Amino acid sequence: MPAVDVTETDKAYKLSVEVPGMAASDIQVEVDDNMIVISGEKREEREEQEKDFAYSERSYGAFERRLELPPGSDPQKIKAKMCNGVLQLTLAKNQKTVANKRKIEVEGA
């Protein structure tokens, strides 16, 4: 299961998903109902041959991570970018939700 960090700004939620050794073509991102689904499969093969021995190693692994869409996010405005083994998702906030947000002052006793 890849690790996920979530941060929030005034205009968007940002998710960073650690997927080392994977390419953008190995990752799928979908919206299913009120969930964002991140899935992929890693295939790695390594082979060495020398005069007296041969070494071969293969590893495979599939994953799927489902996260509930944050409140007020706009599922039509999700962007994904892959950079150095980190999938970065930006989930824009619905502007009506942003406009309705206000800070409440807390009074002391």
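The following conversation walks through a predicted model of one protein chain.

Trainee: Glad to have you here! Which pattern of helices and strands does the protein chain follow along the sequence?

Mentor: Happy to help. The protein chain has one helix and seven strands. Read from the start of the sequence, the order is β-β-β-β-β-β-β-α.

Trainee: Is the chain compact or spread out, and what is its radius of gyration?

Mentor: The C-alpha atoms fill a box of roughly 80 × 35 × 20 Å along the principal axes. For 109 residues the globule rule gives 13 Å, and the chain is well over that, so it is more spread out than a compact globule. Its radius of gyration is 20 Å.

Trainee: How many of the 109 residues are buried, as a percentage?

Mentor: Here a residue counts as buried when its relative accessible area is under 20%. By that cut-off, the buried share of the protein chain is 23%.

Trainee: Now the open sheet: which strands lie at its edges?

Mentor: Four strands form this sheet, with antiparallel pairing, in the order β1-β2-β7-β6. On average, neighbouring strands in this sheet are turned by 20° against each other, direction ignored. An edge strand pairs on one side only, and that describes β1 (4-8) and β6 (73-83).

Trainee: Which residue of β7 is the bridge partner of K81?

Mentor: β6 pairs with β7 (residues 86-93) in the antiparallel sense, over seven bridges. In β7, the partner of K81 is Q88.

Trainee: K93 caught my eye. Is K93 buried or exposed, and which side chain does its own side chain join in a polar contact of 2.5 Å?

Mentor: K93 is found in strand β7. Its relative accessibility is 7%, and the cut-off for buried is under 20%, so K93 counts as buried. The side chain that K93 joins in a polar contact of 2.5 Å is that of E8.

Trainee: Where does the largest nonpolar core draw two or more residues from?

Mentor: This core has 14 residues, and V19, I27, I38, F63, L87, L89 and L91 are those with the most contacts inside it. In soluble globular proteins, nonpolar side chains tend to be buried together. The elements giving two or more residues to this core are β2 (12-18), β4 (35-49), β5 (54-68) and β7.

Trainee: Which residues is I38 in contact with, leaving aside neighbours within four places in sequence?

Mentor: I38 is one of the residues with the most contacts inside the largest core. Leaving those neighbours aside, its contacts are V17, I27, Q28, F63, E64, R65, L67, L87 and L89.

Trainee: How many bridges join β4 to β5?

Mentor: These two strands form a hairpin with four residues between them. In β5, A62 is the bridge partner of E41. The strands run antiparallel, and the number of bridges joining them is 15.

Trainee: And which residue takes a positive phi in the hairpin of β3 and β4?

Mentor: β3 (residues 27-32) runs antiparallel to β4, joined by six bridges. I27 stands opposite G40 in β4. The hairpin has two residues between its strands, and the residue with a positive phi near 60° is D33.

Trainee: Last one: is G40 buried or exposed?

Mentor: G40 is found in strand β4. Not counting residues up to four places away in sequence, G40 touches M22, D26, Q28, G61, A62 and F63. Its relative accessible area is 8%, and the cut-off is under 20%, so G40 is buried.

Technical notes:
Residues numbered from 1 in each chain as written. Predicted model: local features only at pLDDT ≥ 70, side-chain atom pairs only at ≥ 80, totals over all residues. Heavy atoms only, no water. Pairing = 2+ DSSP bridges. Axes fitted to C-alpha atoms, helices over the stretch in contact; angles between N-to-C directions. Buried < 20%, exposed > 50% of the residue type's maximum accessible area, 1.4 Å probe, protein only. Polar contact = N/O pair within 3.5 Å; in protein donor to acceptor, adjacent residues only side chain to side chain. Core = buried A, V, L, I, M, F, W, Y, C linked by side-chain atoms within 4.5 Å. Contact = heavy atoms within 4.5 Å. Rg over C-alpha atoms; globule rule 2.2 N^0.38 Å.
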